[in-house]
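Work through the exercises below with the model open. Try each task before reading its solution.

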Amino acid sequence: MSTAGDVNRDGFDDVVIGTIFDDRAYLFLGSHKGLGPRPFRTWTGAAGSGFGAAVGGVGDTNGDGFDDVVIGARTAGQAFVFLGRASGPRATPSLTLTGPARFGEAVGKMTR
């Protein structure tokens with residue numbers, strides 16, 4: 001579980017939660033009432049990929065004013081970047097990064 005930053009720029013922080021054993025990650029949007037009881041978005045990775053092993057907000061990676069989310073899939077050696085936008089991140093990744101075995105096992109916010 002990690003803060004996702006403010007992916008829809010509504011002034012409230014959002015939360016992303018990964019579940020490694022069923023290859024899913026969930027995004028909950030914040031509001032003046034707190035987090036809702038149901039996820040705004042559910043992302044599903046390939047079966048057995050380890051999708052959701054690591055999740056995190058990574059700040060605004062493309063300079064558009066919306067915070068972005070990364071989800072690791074450690075067994076597949078991948079990490080998926082979902083760009084924030086006013087209506088929330090899309091269901092499909094904007095960028096897929098691939099590396100060696102266990103790539104995507106840990107993710108975190110970039111610092112300058």
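**Exercise 1.** Find the salt-bridge partner of Arg102 and give the closest N and O distance.

*Solution.* Step 1: Arg102 forms a salt bridge with Glu105, with the closest N and O atoms 2.5 Å apart. A salt bridge here is a side-chain nitrogen of Lys or Arg within 4 Å of a carboxyl oxygen of Asp or Glu.
Step 2: Glu105 also meets Arg74 in a salt bridge, at 3.6 Å from N to O. This pair joins distant parts of the chain, 31 residues apart.
Step 3: Arg74, Arg102 and Glu105 are thus linked in a network of salt bridges.

This is a predicted model: local features need pLDDT of at least 70, side-chain atom pairs count only at pLDDT 80 or more, and totals for chains, interfaces and linings use all residues. Residues are numbered from 1 along each chain as its sequence is written, and side-chain values use heavy atoms, leaving out hydrogens and water.

**Exercise 2.** Classify Arg102, Arg74 and Glu105: buried, partly exposed or exposed?

*Solution.* Step 1: Take the cut-offs: buried is under 20% relative accessible area, exposed over 50%, partly exposed in between (1.4 Å probe, protein chains only).
Step 2: Arg102 has 53%, so Arg102 is exposed.
Step 3: Arg74 has 32%, so Arg74 is partly exposed. Glu105 has 29%, so Glu105 is partly exposed.

**Exercise 3.** Is Ser49 buried or exposed?

*Solution.* Step 1: Ser49 has 9% relative accessibility, so Ser49 is buried.
Step 2: The Ser49 side chain reaches the backbone oxygen of Ala46 at 2.7 Å.

Definitions and conventions. Polar contact = N/O pair within 3.5 Å; in protein donor to acceptor, adjacent residues only side chain to side chain. Helix = DSSP H or I, 4+ residues; strand = E, 2+ residues; numbered from the N terminus.
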